Amino acid sequence: MLHRSTTWVGITAREIARAVRRGDTSATEVVADHLDSIRAYDRIVGAFRQVRAGEAIAEAEIVDDQPELRNLPLAGVPIAVKENIAVTGLPTWNGSAAARGPVAEHDHEVVRRLRGAGAVVVGVTKMPELGIWGVTDDADGVTRNPWRTDRTPGGSSGGSAAAVAAGLVPIAHGNDGLGSIRIPAACCGLVGLKPGRGVVPAGIGANDWHGLAENGILATTVGDASLGFSVIAGRTPEALQTPGKLRIAVSSRSPATGVFPDAGARKGLSDAVRLLLGLGHDAVRADPTYPPALAAKVLATWFAGAAGDAAELDVSRLQPRTRRHVALGEQALRRGLVKPADRDEWRERCRNWFLAGGHDVLVTPALATAPPRAVRWSERSWSANMLVNTRYAPYSAPWNFAGFPAIVIPVGVRADGLPAAVQFVGPPGSELLLLALAGQVEQAAPWRRHAPGWPRVAARR
């Protein structure tokens, strides 16, 4: 039991919920601790678009008064929500004032489920405009990586990742259209789970980027990621079972032509494979077959997703890089380049690849290089943004196109002091297997839960 003088900042979501259910603390105290920390330190990382200080305390008091408190899996857990899904009483910002939607009258279904489990939404987190990019900044400022504030926390769920890595919240919501959970998780040394297609309610933007985008969770531990996933998937939380001996395909091949993993990415993959072998699994080198046409199909769908999200906006107010992206999307739609059949064909090809090779899981690097610098990418050209995003984060997009689940976990620290990470991918329905395998790795080689020097504890007022 923690005494009153001890902060709850930096404690896992599981531990917080357990303490609130037992009566060792209150949701109100836990939320107040985290709001103090956000108030004192978010100016450094710039994770939050809007903090719900008074509203969050009022909602925490309601949680404390719940007669069924003992049945709430996230009782009193402060959580951040990415700013592109509806939170009652707030605008849906979508990454900039120019893309902002009206004040929401109802919660998105994922937010409703989180609150129904006892979580308290302390604020909404920043993302790049329309969620297009793997870097997070806008006219209001640059969101920074708590591991190194000169580097980006990634995107598009960059604010959520920065908030969790700094200990400002124990767990956060994100969503992932081409890697937007997994890329920030890798940048910030977190666990980031993208569920498979249809497992969690989507409802992101105009059309979920034609089925590419899924809601998921960022956390510091596999246990917290599993708990959060269970809640947003509408499942009863359960303990992860230790997986049996798995056949794991290992691939460092980049899906992007001419892009190669650097020494830090290769070492992270090698370290992960050694851990997996030590855990008794089989590992075999096996590269998925990325057809030459796949990149063009993914790009066309990416462009078209942005065009759909911008359809009701004044495009002239958007950032120049976004306007170019939207224009390309409109062209792709006019030319009939976005076809559900292409996604279905790739999904079946991936399923057959897993089956033919007898592979249970694929492991790849999470990133090809270290995260880019934290600068105002929103003021740079479309081509500059495309180049930096493709060079550093090519590994995630094919699995959105296939609709397969994937998870990123930390595997140590690179020579430059930033986290190393790998991605596990599995066939449809393998979310719990991926979480269980990630949990095995975490137990065998625990990682630093927060960025060095974080969380910083604000003095109580």
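Start with the cysteines: in this predicted model, the sulfur of cysteine 187 has its closest cysteine sulfur in cysteine 188, at 6.0 Å, and that is too far for a bond. Seen from the other side, cysteine 188 likewise finds its closest cysteine sulfur in cysteine 187, 6.0 Å away. A disulfide would need the two sulfur atoms within 2.5 Å, and the count for the model comes to zero disulfides. Neither side chain sits out in the open: cysteine 187 is buried, with a relative accessible area of 0%, and cysteine 188 counts as buried too, at 1%.

Helix α6 (182–188) is one of the elements that pack against the buried residues of α5. Helix α5 itself spans residues 158–165 and is mostly covered, with eight of its eight residues buried. The buried set runs from Gly158 and Gly159 through Ser160, Ala161, Ala162 and Ala163 to Val164 and Ala165. Around these residues, the packing partners include the strands β1 (48–51), β2 (78–82), β3 (120–125), β6 (171–176) and β8 (214–219). Past the end of α5 comes glycine 167, with a positive phi near 80 degrees.

The stretch ahead of α5 has a backbone oddity of its own. Glycine 155 and serine 156 are joined by a cis peptide bond, with omega at about 10 degrees. Serine 156 belongs to the loop between β5 (141–142) and α5. Another cis peptide bond turns up between tryptophan 454 and proline 455, where omega is about -5 degrees. Proline 455 is in the segment after α15 (431–444).

Positive phi values also show up away from glycine. Asparagine 94 has a phi of about 60 degrees although it is not a glycine. This asparagine is in the loop between β2 and α4 (109–116), and at 19% relative accessibility asparagine 94 counts as buried, because the cut-off is under 20%. Histidine 210 is another such case, with phi near 55 degrees. Histidine 210, however, is placed in a helix, α7 (residues 208–211). With a relative accessible area of 21%, histidine 210 is partly exposed.

Histidine 210 also appears among the contacts of threonine 301, along with Trp209, Leu212, Val338, Arg343 and Phe401, once residues up to four places away in sequence are set aside. Threonine 301 is part of helix α10 (residues 294–310). The threonine is buried, at a relative accessible area of 2%.

Arginine 247 gives a contrasting picture. The residue lies in strand β9 (residues 247–250) and is partly exposed, with a relative accessible area of 35%. Leaving out residues up to four places away in sequence, arginine 247 touches Asp282 and Val284, as well as the run Gly357, Gly358, His359, Asp360 and Val361. Two of these contacts, Asp282 and Asp360, are with aspartates. Arginine 49, on the other hand, is 198 residues away along the chain, and its C-alpha atom is separated from that of arginine 247 by 43 Å.

Now for the protein as a whole. Its secondary structure comes to 15 helices and 13 strands. The radius of gyration is 20 Å, close to the 23 Å that the globule rule gives for 461 residues, so the protein is as compact as a globular protein of that length. Taken along the principal axes, the C-alpha atoms fill a box of roughly 60 × 55 × 40 Å. Buried residues account for 62% of the 461 residues. Contacts reach well along the chain: of those between residues at least 6 apart in sequence, 77% join residues at least 24 apart.

As for the surface, the protein exposes about 16,900 Å², and carbon and sulfur atoms supply 51% of that area. There are 52 positive and 43 negative charges, and the mean positions of the two sets are 6 Å apart.

Conventions:
Residues numbered from 1 in each chain as written. Predicted model: local features only at pLDDT ≥ 70, side-chain atom pairs only at ≥ 80, totals over all residues. Heavy atoms only, no water. Buried < 20%, exposed > 50% of the residue type's maximum accessible area, 1.4 Å probe, protein only. Helix = DSSP H or I, 4+ residues; strand = E, 2+ residues; numbered from the N terminus. Contact = heavy atoms within 4.5 Å. Rg over C-alpha atoms; globule rule 2.2 N^0.38 Å. Areas by Shrake-Rupley, 256 points an atom, 1.4 Å probe, with all protein chains shown as cover. Lys, Arg positive; Asp, Glu negative; His and termini not counted. Charge placed at Lys NZ, Arg CZ, Asp CG, Glu CD.
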